[in-house]
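Trainee: Could you take me through one part of this protein slowly, please? I would like to learn how its pieces sit together.

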Amino acid sequence: MRFYISTTGIKRLTIASAGAGNGKGSPAPASVRRFSGRTLFPIVLLLALLLPFLFVRIAFIVLDSAAACSSSPDCIGWRFFSGSDASVLREELTRALLEAKDGNMDDNEGGGIESFNQLVQEMTLKQQDVKAFAFRTKAMLSKMEHKVQSARQRESIYWHLASHGVPKGVHCLCLKLAEEYAVNARARSRLPSPEYVSQLSDPSFHHLVLLTDNVLAASVVVSSTVQNSANPEKLIFHIITDKKTYTPMHAWFATNSIESAVVEVKGLHQYDWSQELNFAVKDMLEIHRSIWRHYYNNLKQHDFEFDEEHKRYLEALSPISLSLMNLLRIYIPELFPDLNKIVFLEDDVVVQHDISSLWELDLSGNVVGAVVNSWCGENCCPGRKYKDYFNFSHPIISSNFVHDRCMWLYGVNVFDLEAWRRTTITETYHKWLKLSQQSGLNLWSPGVKPPALIAFEGHVHPIDPLWHVAGLGHRFPEVPLEIVEAAAVIHFSGPAKPWLEIGSPEVRGLWKRHVNCSNKFIRRCKIIG
């Protein structure tokens, strides 16, 4: 073999192999292979780059496989030819998570793991595989989900319990006013003054009706209505309350008289109703209480879970569902036999604009004018469709009503009492109460709304949604601010009444601005902190 190297570098490499002689002892070339330097140099460079990488990769695979596999050669081969580490790990983890998702856990699978750091420490010390990691993670997350669910349930119940209470300041106000009624002759003065008595049944005035046992709430309704009225001298307020609240209610409006409007305060004990009517009211109250007890017992017997259905259960079981003042609205024609047209306001509303036009509305022969569609558009009434109040699994309900229909709103209503007296609305109301009692009390949820919806069927005249914007009595009202500002009347329907501390501070401010903070009893009872 001979090498030929020139002075200018490797130009040519000739490899000659010896063969048999030609008879003269001189070798004869058998085969010659030649490599060009231009070909050899890139090959050498490529090997120089690949060999270190290959060495490092094999080293990592061997080290990684040694901890995970019982047979290193098998694992090395599999890992080497199967693709990148990331894709392998992803496939392995996905398979383990799917097994954990479909598999059953032992009761002690999660152990005492409470946090991610504990999980990492556990897996590191015991050197467990991916499958064990997936099951441990599932157990830990399930435990945490259960805790969160339980906390939400308790929080929901506590929040609703808070909505059922009477604030200390409101209770204090009633006590102070009752004492004032006893010691102050002015607090016992006649309401209204004798010169205004004739106006109480005069149809040329604008008559407003409130049925309430909340002095503070009534004061805000009257104050906000008068302040925003174009003709406050035409307003006549008829406030009906129960016997226990009569003295503080009378004392408040006697000592905080509204110069430009007339206020009448009357207690239920001052009515002289017939025995037949008293019996009908008593029967109505008993059936409503039976429905309430039925739903309460159902809630106790089932495992309570936080969802929309049980949330409505809690709202339906509010004491207001059994409030006499709330239920007596079906007897408004009997409460005001001398009036023909009234505007009914609930005590948790605030009037923001002049509402004089409500008395001029043509109800087209109907009994009640009410908002049906909400501010969000036609057939838009979140949380107040028939299916939210009625049991459509019962054939009596499913065969008579449409589950997706919007219910009309109580809170701001125009009642044509003369038209009401010509109908059988009150009788229909009692008829369906009896039917509910005979059907196992399963036709609807507790409250005045469901039977009223049935009784007033075919007697409702829709009015503009901006007359009455409801839903502000929830923790996070969904009504846009511009709609709230444009509304003639805003309604704190829901558990979070504005005199409670659990409501939204932004919308509560719209109510608090009408509280008479200059009153000595308001200050002493620290109603506005």
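In which hand, left or right, does α7 pass α8?

Mentor: Happy to help! First, this is a predicted model, where local features need pLDDT of at least 70 and side-chain atom pairs count only at pLDDT 80 or more, while totals for chains, interfaces and linings use all residues. Residues are numbered from 1 along each chain as its sequence is written, and side-chain values use heavy atoms, leaving out hydrogens and water.

Now to your question: α7 passes α8 in a right-handed crossing. A crossing is right-handed if the near helix is turned clockwise from the far one by less than a right angle, and left-handed if anticlockwise. The residues in contact (heavy atoms within 4.5 Å) are Val-215, Ala-218, Ser-219 and Val-222 on α7, and Thr-245, Pro-248, Met-249, Trp-252 and Phe-253 on α8. Sorted by class, this contact has seven nonpolar residues, two polar ones and no charged ones. Here Ala, Val, Leu, Ile, Met, Phe, Trp, Tyr, Cys and Pro count as nonpolar, Asp, Glu, Lys and Arg as charged, and the others, Gly among them, as polar.

Helix α7 covers residues 215-227 and helix α8 covers residues 243-255; they pack at an angle of about 35°, with their axes 10 Å apart. Axes are lines fitted to C-alpha atoms, for helices over the stretch in contact, and angles run from 0 to 180 degrees between N-to-C directions. Helices (H or I, at least four residues) and strands (E, at least two) are DSSP runs, numbered from the N terminus.

Next, look at what the helices rest on. Helix α7 lies across β3, β4, β5 and β6, and runs at about 170° to β4. Helix α8 packs on the sheet too, touching β4 and β5, and its direction makes about 160° with that of β5.

Those two strands are partners: β4 (residues 235-241) and β5 pair in the parallel sense over six bridges. Two strands pair if DSSP finds at least two bridges between them. In this pairing, His-238 stands opposite Glu-264 of β5.

Let's step back to the open sheet, whose seven strands follow the order β5-β4-β3-β6-β9-β8-β10 with mixed pairing. Strands β5 (262-267) and β10 (460-463) are at the edges with a single partner strand each, so one side of each has no neighbour in the sheet.

Finally, find β6. Strand β3 (residues 206-211) pairs with β6 in the parallel sense over two bridges, and Val-209 has Phe-344 as its bridge partner in β6.
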